[in-house]
Amino acid sequence: GGNNLYDQEMVATLKNSKEEELQAFILMDIIAAPPAPALFLRNGTALEVEATTELGTYGVSLTDNDEIIKSEFVGHLLRSKTSSSKETGVAAGFGVLDSPILYDP
């Protein structure tokens, strides 16, 4: 988290950077997830916030040229952030680690 460019900062970087410099970037769309009420625990205090959640899934792939030896899911990470924040980095202080709880309202 914290190394992303948004809005006019991204436009300026695309316009003013050399092709070689742009190879260091990945262009992504922002997913507009609906916010939901949440409780964040920060410094021992529960904060009521509007939050969005991001699920990252991880896999491993082992190949030998065109032969796929192994390709499988190996885990997940769920992070939440306040809906007003564009960044989600937990270590950078923007987001929090989360746990999925499924329920039928």
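**A salt bridge, a four-stranded sheet and two pockets**

In this predicted model, Arg79 is partly exposed, its relative accessible area being 22%, a value that falls between the limits of 20% for buried and 50% for exposed residues. Glu54 is likewise partly exposed, with a relative accessible area of 34%. The side chains of these two residues, Arg79 and Glu54, come together in a salt bridge, with a distance of 2.2 Å from N to O. Side chains of opposite charge can pair when their charged atoms come close. The structure holds one salt bridge, and the pair links distant parts of the chain, since Arg79 belongs to strand S3 and Glu54 to strand S2, with their positions 25 residues apart.

The two strands that carry this pair are part of an open sheet, in which four strands follow the order S1-S2-S3-S4 with antiparallel pairing. Strands S1 and S4 occupy the edges and have a single partner strand each, so that one side of each remains without a neighbour in the sheet. Direction ignored, neighbouring strands of the sheet are turned against each other by 55° on average. S2 and S3, which run antiparallel, are joined by 14 bridges, and Asp64 stands opposite Glu67 in S3.

Strands S2 and S3 also contribute to the pockets of the model. The largest pocket has a volume of about 1,100 Å³ and is lined by 34 residues, of which Asn4, Tyr6, Met28, Asp29 and Ile30 lie nearest its centre. Helix H1 (7–16), strand S2 (45–64) and strand S3 (67–82) each provide at least two residues of this lining, and H1 gives the most, with four residues. When the lining of the largest pocket is divided by class, 15 residues are nonpolar, 12 are polar and seven are charged.

The second largest pocket encloses about 410 Å³ of space and has a lining of 21 residues, with Ala38, Thr53, Ser80, Asp98 and Ser99 nearest its centre. Two or more residues of this lining come from each of strand S1 (36–42), S2, S3 and strand S4 (95–97), and the largest share, six residues, is supplied by S1. The lining of the second largest pocket consists of 16 nonpolar residues, four polar residues and one charged residue.

Conventions
Residues are numbered from 1 along each chain as its sequence is written. This is a predicted model: local features need pLDDT of at least 70, side-chain atom pairs count only at pLDDT 80 or more; totals for chains, interfaces and linings use all residues. Side-chain values use heavy atoms; hydrogens and water are left out. On a 1 Å grid over the protein atoms alone, a cavity is a set of points where a 1.4 Å probe fits but cannot get out, and a pocket is an open set with protein on both sides within 12 Å along at least five of seven lines; lining residues have an atom within 4 Å of a point. Grid points are joined across faces, edges and corners, and a volume is the space filled by probe spheres set on the points. Ala, Val, Leu, Ile, Met, Phe, Trp, Tyr, Cys and Pro count as nonpolar, Asp, Glu, Lys and Arg as charged, and the others, Gly among them, as polar. Two strands pair if DSSP finds at least two bridges between them. Axes are lines fitted to C-alpha atoms, for helices over the stretch in contact, and angles run from 0 to 180 degrees between N-to-C directions. A salt bridge is a side-chain nitrogen of Lys or Arg within 4 Å of a carboxyl oxygen of Asp or Glu. Buried means under 20% relative accessible area, exposed over 50%, partly exposed in between (1.4 Å probe, protein chains only).
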